[in-house]
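Here are a few exercises to work through with the model open beside you. Try each task before you read its solution.

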Amino acid sequence: MSPENGKHLPESDATGLNLKETELTLRLPGEIRGDIEIKAKSGTKRGFSQIIDLNHDRSSDVDHEHDDRGCDKLENETLAIKPPAAKAQVVGWPPVRGFRKNAMKSFKFVKVAVDGAPFLRKLDLELYSSYQELLCAFDNMFSCLTICNYLNEKKLMDTANGVEYVPTYEDKDGDWMLVGDVPWKMFVESCKRLRLMKSSEAIGLGNLLFRAWGYIPCLIYMSFTI
Amino acid sequence: MNYFPDEVLEHVFDFLTSHRDRNAVSLVCSLWYRVERFSRQRVFIGNCYAISPEKLITRFPGLKSLTLKGKPHFADFNLVPYDWGGYVQPWIEALAKSRIGLEELRLKRMVVSDDSLELLSRSFANFKTLVLVSCEGFTTDGLAAIAANCRFLRELDLQENEIDDHSGHWLSCFPDSCTSLTSLNFACLKGEINLASLERLVARSPNLRSLRLNRAVPLETLQKILMRAPLLVDLGTGSYVHDPDSETYNKLKTTILKCKSIRNLSGFLEVAPRCLPAIFPICLNLTSLNLSYAAGIHGSELIKLIRHCAKLQRLWILDCIGDKGLEVVASTCNELQELRVFPSDPFGVGHDAVTENGLVAISIGCPKLHSLLYFCQQMTNAALITVARNCPNFIRFRLCILDPTRPDPVTMKPLDDGFGAIVQSCKLLRRLSLSGLLTDQVFLYIGMYAEQLEMLSVAFAGDSDKGMLYVLNGCKKLRKLEIRDCPFGNMALLSDVGKYETMRSLWMSSCEVTLWGCKTLAKVMPRLNVEIINEHDQMEICAEDGQRVEKMYLYRTLVGPRKDAPEFVWNL
């Protein structure tokens, strides 16, 4: 059985945070995102349900232009299972002073290196609530990379030359780890930097018990080929 | 009283400390008006656009202490665009040109520039107190000017301002001769601080009673500072992180034992919960505790801490304390008067969020409670009715259900009856914020019972114009009304136009009011400024009168339309 994308993750759904809502996007005003859970209010003409606003919360040096290329399918797949906790965000609600809201936000910017790329990028891990979303972020941030389905696995590939990239990270102890083994939150806490490694460099790892994209006690056999 | 010389009248008026009393006195007769105005030293201006600095200076030549408020309250929640206004510069310029010996300036929601601060620092030899709350537009360079030039500065209090941090050197700008500080609060600064300067400043400020540090001040420095200032009454820690087995931490524990005067504690902007035991010995003396920025302290540790705080009168906390934690508060803090529970996760579901159960527990254990701000997952009518019965002394009751149109989850009914019970029972209620599913009925209750109500905040509530009418007709003491996303329209707006001259201001956004309604009101009431905020170019100058107005803010004024309004603000 192949591990699904994020949708069965008990841990990533635990908070039900749809942190994508806080991302800076270039959508037109008024455009409604497909994956917003809308709660209807009866009685008033313009209810809470009809007020959607994009939250341009903070700028970052990360390019957040999200066309729906790679992500739509994934988002729609996760939509069905996500608990109805992802609320539409209304400007000025809840009525918490801007200063306080900003103070309560946590940032976790980490460097992201891609083998062969001339410079590094930075990502705020707090923006994402699952490995799924992180994968999406890589897809969007690095234009050469796309998420591809391969044997029910989601993999990052450079479609131009068929090279596959394996996400790894350096943890607090300074060790380089494969992304995806531990619960999302634990990963965010321990991750110091990310490296998308060409899978060809992983030659010699041989038969790898690979838990792809999720904290699921489930085994997939992957062999790296040149 | 007419037979008394002016000095006697003046002496009698000296006993009147509240602005309202002095305002009332000045209306009695022209003699009293004259005596009062020459002897008045403190003036409070709730809306900086209601009056001009020139008129202020003319009327009160003895002015020493000025409080000014700028932007409407909803500006706190990003509903008012940047550049809307509220500039303090013209006030400081006018005061500087005059012979006013300004000593205290308190500003809220105003735009303050570095130039303003520089001018302020150079213009008033006896300047003592600067308090900035929720202001923006300045940097640490402005603070440096204040530090350098105000020779007798006593209070520098910065609360929740957006300050551009250029460097930590501003602290070093306090001259060595400055020894008069009693209160220093820079908790809202985000940048680094020159720690050595801070320590030296504290060392030469024997009268320092209130000190609130920012995140950049580590625990080692806190310990050194407390050694120098054992008489502190109000302490805000910065970063409270260390190894609890270290010598530094042990030194802190000993030092804190000497700080027997601390009554207010806040901060913990960064915190290692294992270091909290150091403060347990002073917890018993605390009357005020603000942990609303201490995101690093989780439910069980919060509870452990609170068990030590039996004398608390004011508590600001995050909702991660949970209902269980509030039960502990209720059983421990029987003297509690003010409680604020903030959402630790303003955008998420908030698994730790509190519910009606926590509030009911508080109402049972804390009968002296009079001020409440409560962000919660849900609320029931039954709970509100119980709370109303247990705590009839509420002056401020602000309830914010995170889903603003949520009904009573048990009965699925609106929360009209619950809030109705609150206004009926709490006869001294002055401020009320509503949320949850609400119909016109709740406004009927408010109009009928909330006789002392001065400020009402409404969002996503009501069914028709009747709702707003009930409030306008019923609440005789209403001063500020702010409404968003309610189906109130022109009929309600125009029903009693004279009412608005008895109020400070009215805010309506995303309601049913149209341009025609606003224009009509403006025409009929020349002493109101009726402003439309038009952000999205939806309206042209020749816009149709039938078009709905997105944001309207009106206020009474003696000085006509303001001249500093930006393009997107139209004064009708």
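The exercises below concern a predicted model, and they go from nonpolar cores to salt bridges and then to the surface.

**Exercise 1. Find the residues with the most contacts inside the largest nonpolar core, and follow one of them outwards.**

Step 1. The largest nonpolar core has 199 residues, and those with the most contacts inside it are B:Leu66, B:Trp170, B:Tyr240, B:Phe397 and B:Ile446. Strand E17 (residues 371-376) of chain B gives this core its largest share, 5 residues.

Step 2. Now pick B:Ile446 and set aside its neighbours within four places in sequence; what remains in contact with B:Ile446 is B:Val423, B:Leu432, B:Leu434, B:Leu453, B:Leu456, B:Val471 and B:Cys475.

Step 3. Another core, of 26 residues, lies apart from the largest one, and its members include A:Val112, A:Leu123, A:Leu134 and A:Ala137. As background, nonpolar side chains in soluble globular proteins tend to be buried together.

**Exercise 2. Which parts of chain B does the salt bridge between B:Glu36 and B:Arg22 tie together?**

Step 1. The closest N and O atoms of B:Glu36 and B:Arg22 are 2.7 Å apart.

Step 2. B:Glu36 belongs to helix H3 (residues 30-39) of chain B and B:Arg22 to helix H2 (residues 19-26) of chain B, so the pair links parts that are 14 residues apart in sequence.

Step 3. Both B:Glu36 and B:Arg22 are buried.

**Exercise 3. Is each partner in the salt bridge of B:Arg109 with B:Asp76 buried or exposed?**

Step 1. Locate the pair: the closest N and O atoms of B:Arg109 and B:Asp76 are 2.8 Å apart.

Step 2. B:Arg109 sits in the loop between strand E3 (104-108) and helix H6 (114-123) of chain B, and B:Asp76 in the loop between strand E2 (65-69) and helix H5 (89-97) of chain B, so this salt bridge ties together parts that are 33 residues apart in sequence.

Step 3. Buried means under 20% relative accessible area. B:Arg109, at 9%, is therefore buried, and B:Asp76, at 8%, is buried too.

Step 4. Widen the view: shared salt-bridge partners join A:Arg97, A:Arg100, B:Asp76, B:Arg109 and B:Glu160 into one network.

**Exercise 4. Which residues make the nonpolar surface patch of about 430 Å²?**

Step 1. The patch is made by B:Tyr3, B:Phe4, B:Val8 and B:Val12.

Step 2. Take B:Val8, which is found in helix H1 (residues 6-13) of chain B. With a relative accessible area of 34%, B:Val8 is partly exposed.

Notes. Residues are numbered from 1 along each chain as its sequence is written. Chains are lettered from A and ligands numbered from 1 in the order in which they are written. This is a predicted model: local features need pLDDT of at least 70, side-chain atom pairs count only at pLDDT 80 or more; totals for chains, interfaces and linings use all residues. Side-chain values use heavy atoms; hydrogens and water are left out. Patches are made of residues with over 30% relative accessible area and no salt bridge: like charges are joined within 9 Å, nonpolar side chains (Val, Leu, Ile, Met, Phe, Trp, Tyr) within 5 Å. Accessible areas come from the Shrake-Rupley method with a 1.4 Å probe; for residues, only the protein chains shown count as cover. A salt bridge is a side-chain nitrogen of Lys or Arg within 4 Å of a carboxyl oxygen of Asp or Glu. Helices (H or I, at least four residues) and strands (E, at least two) are DSSP runs, numbered from the N terminus. Buried means under 20% relative accessible area, exposed over 50%, partly exposed in between (1.4 Å probe, protein chains only). A nonpolar core is a set of buried Ala, Val, Leu, Ile, Met, Phe, Trp, Tyr and Cys residues joined through side-chain atoms within 4.5 Å. Contact means heavy atoms within 4.5 Å.
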